[in-house]
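This report introduces selected local features of one structure to a reader who has not met it before. Please consult the sequence and the model alongside the text.

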Amino acid sequence: MQNKFFTTQQINDHVTRITGLGGENAYLIQGQERALLFDGLSGVGSLKSFVRELTELPVFLVLSHGHPDHEGAAFEYGRCFIHPDDIGLMYTDFAASAQSRMGYVSAPSPMAPEKRTVLQDEDVILPVPVKTYPVYNGDFFDLGGLTLEVIGVPGHTRGTIMLLDEKDRTVYSGDAINLNTLLGLYGSTTVEEYYESLLSLKTRQKDFDRLYGGHGEEPVPASIVDDAIMLCKKIMDRTDDHIEEKSMTGERVYVAAKRRPDYLPEYGGFSNIVYAEDKIFGKKGPSVLKGEPYVD
């Protein structure tokens, strides 16, 4: 199913992946009694209306983190579950502004689908204050016949979470761990803190076989956890490939592993990490980011 903003792919009998114009993914996970929408894309086009065509069940929104390509539908639903450490982040100009979210889907990306419409300003859902419900590591969402467990993975942002469907041995991972995990952003942890998160995630690795992420079509194997732990060690030991790049906001950052033409790392695994030199070691102050609702 598709319209000019969204396309879908059936992952299994109870999960539909929805992809936005920037190549960002959300997952509609349906139980017997209710449905959970994991992530809200960029807010370009009405995701809420599109989801209503996919299910008649009551739907609630859970955000993997507070970035502009994941929180957009929160401004339609008016409420969402999010880790408290990312509430301030979701209200920053970078995340909430219509200009930022339109810029995201308009920017060239190898993961973005072919554009099927000429975007207009009115296609962007305008930011409004959102009622937020806290979600923490170890929480569960009961959808009726299907239970999802929350796994916290601070790194990409301090409030990043994943959802584990232990029965299906599948994790829905947002941007927690993927082919291009970004740590050099406002709201990211240090590499050292991310390493600690990954060691905690490693204790749950036996419970899942695959991860479906916030970008890209194919799942990655659970071994990506080992790849990311290895790269964090290399970064902290200063033995990574240390390839200089510019971040999306223009700052100098470094890629831990050389990439092949297909974007996979040359070492043969799946994880890659982009980080800033001043955010390798230590703690970086309070975990809760403070912010005010953005007013356009």
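## Strand pairing

Strand E11 (residues 170-174) and strand E13 (residues 210-213) run parallel and are joined by four bridges. The model is a predicted one, in which local features need pLDDT of at least 70 and side-chain atom pairs count only at pLDDT 80 or more, while totals for chains, interfaces and linings use all residues. Residues are numbered from 1 along each chain as its sequence is written, and side-chain values use heavy atoms, with hydrogens and water left out. Helices (H or I, at least four residues) and strands (E, at least two) are DSSP runs numbered from the N terminus, and two strands pair if DSSP finds at least two bridges between them.

Within the pairing of E11 and E13, Thr170 has Arg210 in E13 as its bridge partner. E13 is also joined by two bridges to strand E14 (residues 220-221), and these strands run antiparallel. Leu211 stands opposite Val220 in E14. E13 and E14 form a hairpin with six residues between them, and Gly216 in the turn has a positive phi of about 95°.

## Asn25 and its surroundings

Asn25 belongs to strand E3 (residues 25-30). A polar atom of the Asn25 side chain lies 2.9 Å from the backbone oxygen of Gly216. Leaving aside residues up to four places away in sequence, Asn25 touches several residues, including Arg17, Asp39, His215 and Gly216; contact means heavy atoms within 4.5 Å.

## Burial and positive phi

Most residues other than glycine have a negative phi. Two non-glycine residues with positive phi are set out below.

| Residue | Phi | Location | Relative accessibility |
|---|---|---|---|
| Asp39 | near 85° | loop between E4 and H1 | 1%, buried |
| His242 | about 55° | loop between helix H7 (224-237) and strand E15 (243-246) | 32%, partly exposed |

Buried means under 20% relative accessible area, exposed over 50%, and partly exposed in between (1.4 Å probe, protein chains only). Asn25, which touches Asp39, is buried as well, with a relative accessible area of 2%.

## Helix H1

Leu47, Phe50 and Val51 are buried in helix H1 (residues 47-54). Seen down the axis of H1, the buried residues fall within an arc of 100°, so they line one face of the helix; the arc is that of the directions from the helix axis to the C-beta atoms. Among the elements that cover these buried residues are strand E1 (7-12), strand E2 (15-19), E3 and helix H2 (74-77).

Note on methods:
A polar contact is a pair of N or O atoms within 3.5 Å; within protein, one must be able to donate a hydrogen and the other to accept it, and residues adjacent in sequence count only if both atoms are side-chain atoms.
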